[in-house]
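Subject: Structure for you to look at

Hi,

Here is the structure I promised to pass on. Have a look at it first, and then read my notes below.

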Amino acid sequence: MNEQIAMLLKQVDERKEELIELAKTLIRFETPAPPARNTSDIQAFIADFLQKHEFTIDQWDVYPGDPNVVGIRKGTESEEYKSLIVNGHVDVAAIAEDEQWQTGPFEPVVEDGFLIGRGAADMKGGIAGALFAIQLLQEAGIRLPGDLIFQSVIGEEVGEAGTLQCCKRGYHADFAVVVDTSNLHIQGQGGVITGWITVKSPQTFHDATRRQMIHAGGRLFGANAIEKMMKIIQGLQELERHWAVMKTYEGYPPGMTTINPAVIEGGRHAAFIADECRLWITVHFYPNETHQQVAQEIESFIMRIAESDPWLREHPPQFQWGGESMIVDRGEIFPSLEIDTDHPAVRRLASIHETVLQRETIIDMSPTVTDGGWFSEFQIPAVIYGPGTLEEAHSINEKVDVEQLVQFTQVLLSFIYEWCHTEKQELY
Ligand SMILES: [Zn+2]
């Protein structure tokens with residue numbers, strides 16, 4: 001580590017009051033999702049902050065009241081040196097009316113070495129650390145040869161892919177760090193996809209016709225969509241069990257590949273035979289699987305069950321996978337993220353972590369999902385690395401260890417510096 005960086009790491013510690021103040025400022029912006037559509041102010045603040053530190057800003061509405069902000073600090077030798085994306089979401093978990101917070105969820109305080117407030121762990125602490133690292137690098141007059149891109153995104157808590165929008169807009173880099181809650185582990189993740197399965201009858205029947213459609217000699221070829229859905233739910237349970245038995249992934253307990261029937265809707269009212277039934281499922285899969293694959297597995301399994309049923313064979317269930325928002329189109333996708341532990345950026349980050357914390361780096365898999373998977377989907381190698389624990393995230397009196405926040409800021413600062421000083425050609 002060079003002397004200038006060693007000095008800056010010392011400064012992070014000496015100036016940690018400024019870091020805490022910055023985190024508190026971010027927490028004071030009330031950005032729970034749901035209800036969402038409340039991030040304009042915090043994004044204006046972050047855009048302004050980045051602009052002051054020599055970033056150019058690209059800002060656009062993902063939804064009205066929920067803009068994405070991307071700051072770009074072009075490297076002095078972009079062509080020759082590695083580029084880096086640092087990504088974080090500004091929305092926070094929703095607050096219930098009756099939650100008993102020490103102060104308010106948006107009135108941050110520091111107590112016993114912890115910063116308390118909604119988003120402290122997930123993930124305004126991480127964003128504050130990243131911004132503070134950027135500030136110190138810029139104040140020291142350091143010009144990075146490689147490009148540095150800071151993505152401040154919206155909607156993560158409700159499956160609104162602010163990060164997907166950044167990828168679709170063409171932002172690409174040699175590596176990405178999602179500074180979401182990981183307790184300073186370097187993490188990958190399994191994925192999640194939601195889907196709707198619909199059983200629909202082309203005809204609608206009166207309740208009084210039921211005898212004819214279920215008993216001998218009735219000669220009415222119809223079905224109750226709710227009852228047919230029961231068969232499908234049973235099939236999903238069988239597939240879920242089969243996956244639990246057959247699929248494993250190192251670092252995960254077996255059986256993580258669940259299929260949860262989360263919501264069911266169907267029928268008109270008591271005078272009808274239900275002519276439509278819709279089931280909303282949540283599917284978890286391992287890091288080495290894709291959402292397209294697991295959706296396909298479910299479809300073909302269920303279609304074989306449908307084949308064995310005289311009515312479903314003629315009226316096969318329909319599938320609709322994913323979506324871009326739990327609020328708008330009632331669906332979401334979090335792609336999986338595998339970690340290549342031999343990737344030069346992963347090795348570099350791990351070794352910086354060890355130097356700064358004097359502790360071995362833990363590389364493992366997050367039990368939850370973050371925006372990290374989108375980078376994988378767009379062929380950008382990435383990891384999750386941020387302060388705070390999942391036990392704290394989303395909890396009442398959510399908090400982050402101030403010491404860990406300082407350490408995170410030091411590691412990230414050093415990593416930004418080193419990675420953006422790495423030649424694209426460099427061999428490992
Ligand atoms: Zn998060």
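**Aromatic pairs**

There are 10 aromatic pairs in the structure. Bear in mind throughout that this is a predicted model.

One of those pairs is made by Tyr249 and Tyr286, which are stacked with their ring centres 6.1 Å apart and 20° between the planes. The two tyrosines bring together distant parts of the chain, being 37 residues apart. Tyr249 sits in the loop between helix H7 (225–246) and strand E12 (259–266), while Tyr286 sits in the loop between strand E13 (276–285) and helix H8 (291–307). Tyr249 has a relative accessible area of 16% and so counts as buried. Tyr286 is buried as well, at 2%.

Phe415 and Trp419 form another stacked pair, at 6.2 Å centre to centre and with 10° between the planes. Here both partners belong to helix H12, four residues apart, or about one turn of the helix. Both Phe415 and Trp419 are buried. Phe175 joins these two residues in one aromatic cluster.

**The small sheet under H12**

Helix H12 comes up again in the next part. Which strands make up the open sheet of three, and in what order? The order is E6-E7-E18, with antiparallel pairing. Strand E6 (109–111) and strand E18 (399–401) are the edges, each pairing on one side only. On average, neighbouring strands in this sheet are turned by 25° against each other, direction ignored. Helix H12 (residues 402–419) packs on the sheet and touches E6, E7 and E18. The direction of H12 makes about 65° with that of E18.

As for the pairing itself, E6 and strand E7 (residues 114–116) are joined in the antiparallel sense over three bridges. Glu111 stands opposite Phe114 of E7.

**The zinc site**

Next, the metal. Which residues supply the protein donors of the zinc ion? They are His89 through NE2, Asp122 through an OD atom, and Asp180 through two OD entries, at 1.9 to 2.5 Å from the zinc ion. Along the chain these donors follow the spacing H-x32-D-x57-D. His89 and Asp180 link distant parts of the chain, 91 residues apart. His89 belongs to strand E4 (residues 84–89), whereas Asp180 lies in the loop between strand E9 (175–178) and strand E10 (186–189).

What is the geometry of the site? It is irregular, with angles of 53 to 136° among the four donor atoms. To count as tetrahedral, four donors need all their angles between 85 and 135 degrees, so a range of 53 to 136° does not qualify.

Are His89 and Asp180 buried or exposed? His89 has a relative accessibility of 2%, so it counts as buried. Asp180 counts as buried too, at 4%.

**Backbone oddities**

The loop between strand E1 (32–33) and helix H3 (40–52) is worth a look, and it contains Pro34. A cis peptide bond joins Ala33 and Pro34, with omega about -10°. Another cis peptide bond joins Pro34 and Pro35, with omega about 10°. Pro35 has its place in the loop between E1 and H3, and Arg37 is found there too. Arg37 is not a glycine but has a positive phi, near 60°. At 28% relative accessibility, Arg37 is partly exposed.

Gln379 also has a positive phi, about 60°, although it is not a glycine. You will find Gln379 in the loop between helix H11 (372–377) and strand E17 (382–384). Its relative accessible area is 63%, so Gln379 is exposed.

**Overall picture**

The protein has 12 helices and 18 strands. Its C-alpha trace spans about 90 × 50 × 35 Å along the principal axes. Of the 428 residues in the protein, 57% are buried. Among contacts with a separation of 6 or more, 80% are between residues 24 or more positions apart.

One last item for your list is Glu79, in the loop between strand E3 (66–73) and E4. The C-alpha atoms of Glu79 and Glu423 are separated by 9.1 Å, although the two residues are 344 residues apart along the chain. Glu79 is exposed, with a relative accessible area of 68%.

Cheers

Key
Residues are numbered from 1 along each chain as its sequence is written. This is a predicted model: local features need pLDDT of at least 70, side-chain atom pairs count only at pLDDT 80 or more; totals for chains, interfaces and linings use all residues. Side-chain values use heavy atoms; hydrogens and water are left out. Donors are N, O and S atoms within 2.8 Å of the metal (3.2 Å for Na, K and Ca); water is not among the atoms, so sites may look incomplete. Four donors count as tetrahedral if all angles lie between 85 and 135 degrees; four count as square planar and six as octahedral if opposite donors are over 155 degrees apart and all others between 65 and 115; anything else is irregular. Buried means under 20% relative accessible area, exposed over 50%, partly exposed in between (1.4 Å probe, protein chains only). Two strands pair if DSSP finds at least two bridges between them. Axes are lines fitted to C-alpha atoms, for helices over the stretch in contact, and angles run from 0 to 180 degrees between N-to-C directions. Contact means heavy atoms within 4.5 Å. Rings of Phe, Tyr and Trp (its six-membered ring) pair if their centres lie within 6.5 Å; planes under 30 degrees apart count as stacked, over 60 as edge-to-face and the rest as tilted.
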